[in-house]
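Grab a coffee and work through these exercises with the coordinates open. Try each task before you read its solution.

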Amino acid sequence: AAGPWPSCRSPALRGFGGAAAAALEPVRGGPLAGGSPAAPSSALAAPRDSGGAPDELTPYCLDLPGVIERLRRELPPRPQRGAPIDPAVVERVSEVLRSTRLNPREWQQHAVFRRGRYTRNIVGYSPGQFVALLLCWERGQQSPIHDHSGAHCFVRMLQGRLKEENFDWTADGRVNPEVRSEAMLDARVPELSVAFAHDSTGLHRITNPDAEEVAVSLHIYSPPFEDCQVFPPTGAEPKRVPMVSINTPGYRALQPPSGLAPPPSLRDLCDMLKRIGTELGRSAPVAQPEPHHILDALGGVELSAMEWATLASPAHFSEFHAVKNLIHCDEHFSVMVCCWSPGQSVPAHHIGKDRQEWVKVMHGDLKFQEHSRGLFVSEVQEESLLPEGSSSTRRECSTRMHSMSNASAAGSAVSVHVFSPPLTRFTFHTSKGIERHDVPMLLGALAGEPTLLPPASSDAPPAPTAAAAVALAEAAAAAGAEGEAMRLAAAGAAA
C-alpha cells in the first residue's frame, strides 16, 4: 500500500498454512518470555527443612512478578463466585501482601490519575483465577457503596491513605445507610496496609481523605468479575453497573478449516523471535532481522482462545487511554499488545531512528498519520487506514513524527506490534511538551501451558464477550489434564 506503510499485507492474504505458518512452526513447550534476560529475582527462597520438604518461597516479594507468581500458588486455581471465605487462604494472601516490598519506580509505570474519578489499571492477570489492578486516587476521590459480585477482594496500600467505611445489608438486599464501622489504610504502617473484603461481611465505600496526597492501592479480585452492584446512600434500590470497558472483542479465536492445523499464535511468534534473536547474536557484527521475514510471520498469527482471554478481555481496556502492554522483550525484539477503546489515540511520537516496527491489526481498524517535519506537531501530511487483519512494517526516520488511533468511534480495536531493536518506552510530543512513558510488562500474560482447543463449528459466530470462554472452562472441567489446561483459557475480567 502507498503512504507511510510501504509494506502492507491485505487481510485477503491471511491463511492457516503457507510460508507464514511454516516460519512459525508451533513450539508447544515452555512459557512465553515475560521480560529481559537479566530480570531480577522476584522472591526469596526458604531452605529445605530437616524432613526434606520441598522449597517454598517466603512471603517477602521484591517485585510485581514475584507477587503475581505467589498469588498463583496461594489462591484457589478455580475459585467459585460467592464461595465462603477460606480463613487460611485469607491469612496467607494477606501476609504475602503485608510483607511485600515493591519499588515505586516499578508500579508507577502503571499509575494513571484523573481528576474526575479514581482509575483502575491492570497489572496482572490469571484467567478465571484472579486479576490484579492498581487503583489511583486523587485527593478526596471516593468510590460508591458497592459489593464485589461474590469475589474475594484483597487490598494492599502502596502510597498514601484510604478510609474504608463498612455497611450492612438489609433483608431486602439493599444497604443500611448507617456506617457500621470505619478503618484507615495507611501505606506507611505495615499493620494498616492490608485489608480484605467479601460480600458475606457486608458492603463498603473507599475514600481518599487526604487533601494533599494522592493514594495508590493494589487490589486483587478472585475470581475476576465484570460488574458489581452500586448502592445509593439513601438505601434505594441498587443498580448493577459494568466495572470494565464495554465494546471489547472478547473471545473470538479463529478455527481452521477441517483438516488443517491451527494458525500460529502469539506464543509461537515470540518463540520464533527468540530463535531469530539467538541466530542474530551469533553473527559478528550483529546482523539485523529481515523485515519481510518478520512481516510474513506476523501476518499468519491469530490470537488463540487463551490469548484473547489473557490479553484482550474487557479488563484490558481503559476508558481513559489506549492500553499498551509488553508481553515479550529480549535483546533483539519486543512485542506489544495494544487495546483501543472507541476513538482512542496515542499522541504524535518517535520510536527511535532506524527502529523497525511491524503491526498486525487483530480486531477493528486503525488509522496511521504521519506529521510534517519538525520538532513540534503540525499538520498531517499522510494518512493510511490499517484494516482488520492487515500486517504492515516501517522503519523509523528521525525527521517525522507519527500518531495512531482507533478509526472507529463505536467499536474497539486490538493490535500487535513488534519492534527491533526492542522498544520499552514512548516519547510523546503533546501540547504540554515532551512526555516519556514506559510500556509496562503485562504480568501473568500467557504464563500457563499452550492450550489445544477442540474444533468448533465453522459457521458458529464468535462469542461477543470474554464471558463465553467461561463456558469453555465449564465444558472442560471433566476432561482431566487437558480440561485443566483448557480452564486456563477461561476469560475473566475485573473492576
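**Exercise 1.** Which residues line the largest cavity?

Solution. Keep in mind that this is a predicted model.
- Step 1: start with the count, since the structure holds two cavities of 30 Å³ or more. About 100 Å³ of space lies in the largest one.
- Step 2: list the wall. Lys 324, Met 336, Cys 338, Trp 340, Val 346, His 349, Glu 357, His 402, Met 404, His 417, Phe 426 and Phe 428 line the largest cavity.
- Step 3: map that wall to elements. Strand E16 (334–340), E17, strand E22 (402–406) and E24 each give two or more residues to the lining. The top contributor is E16, with three residues.
- Step 4: sort by class. You should get seven nonpolar, three polar and two charged residues.

**Exercise 2.** Now do the second largest cavity: what is its volume, and which residues line it?

Solution.
- Step 1: the volume comes out at about 30 Å³.
- Step 2: around the second largest cavity sit Val 155, Glu 164, Leu 185, Ala 195, Phe 196, Ala 197, His 204 and Ile 206.
- Step 3: strand E10 (194–197) and strand E11 (203–207) are the elements that give two or more residues to this lining. E10 has the largest share, three residues.
- Step 4: by class, the lining of the second largest cavity has six nonpolar residues, one polar and one charged.

**Exercise 3.** Describe the largest pocket: how much space lies in it, and which residues lie nearest its centre?

Solution.
- Step 1: the space in the largest pocket is about 1,200 Å³.
- Step 2: 46 residues line the largest pocket, and those nearest its centre are Ala 111, Val 112, Arg 114, His 321 and Ala 322.
- Step 3: look for strands in the wall. At least two lining residues apiece come from strand E4 (119–126), strand E15 (323–329), strand E17 (345–350), strand E24 (425–430) and strand E25 (433–438).
- Step 4: the class tally for the largest pocket is 22 nonpolar, 13 polar and 11 charged residues.

**Exercise 4.** In the largest nonpolar core, which residues touch the most other members?

Solution.
- Step 1: recall the general trend that in soluble globular proteins, nonpolar side chains tend to be buried together.
- Step 2: the largest core has 51 residues, and Leu 266, Leu 269, Leu 273, Ile 294, Val 335, Val 416 and Val 418 touch the most other members. Helix H5 (residues 266–282) supplies the largest share of this core, seven residues.
- Step 3: zoom in on one of these hubs. Skipping neighbours within four places in sequence, Ile 294 is in contact with Met 272, Leu 273, Ile 276, Pro 289, Phe 333, Trp 358 and Val 418.
- Step 4: don't miss the other core, which lies apart and has 22 residues, including Leu 64, Ile 68, Leu 97 and Trp 107.

**Exercise 5.** Which residue caps the N-terminal end of H2, and which residues of helix H2 are buried?

Solution.
- Step 1: the cap is Asp 63, with a side-chain oxygen 2.9 Å from the backbone nitrogen of Gly 66.
- Step 2: within helix H2 (residues 64–74), the buried residues are Leu 64, Gly 66, Val 67, Ile 68, Arg 70, Leu 71 and Glu 74.

**Exercise 6.** Is His 363 buried or exposed?

Solution.
- Step 1: place His 363 in strand E18 (residues 356–363).
- Step 2: the relative accessible area of His 363 is 15%, so the residue is buried, the cut-off being under 20%.
- Step 3: check for a polar partner. A polar side-chain atom of His 363 lies 3.5 Å from the backbone oxygen of Ser 412.

Methods. Residues numbered from 1 in each chain as written. Predicted model: local features only at pLDDT ≥ 70, side-chain atom pairs only at ≥ 80, totals over all residues. Heavy atoms only, no water. Helix = DSSP H or I, 4+ residues; strand = E, 2+ residues; numbered from the N terminus. Buried < 20%, exposed > 50% of the residue type's maximum accessible area, 1.4 Å probe, protein only. Polar contact = N/O pair within 3.5 Å; in protein donor to acceptor, adjacent residues only side chain to side chain. Core = buried A, V, L, I, M, F, W, Y, C linked by side-chain atoms within 4.5 Å. Contact = heavy atoms within 4.5 Å. 1 Å grid on protein atoms, 1.4 Å probe; cavity = no way out; pocket = protein on both sides within 12 Å on 5 of 7 lines; lining within 4 Å. Points joined across faces, edges and corners; volume = space filled by probe spheres on them. Nonpolar A, V, L, I, M, F, W, Y, C, P; charged D, E, K, R; others polar.
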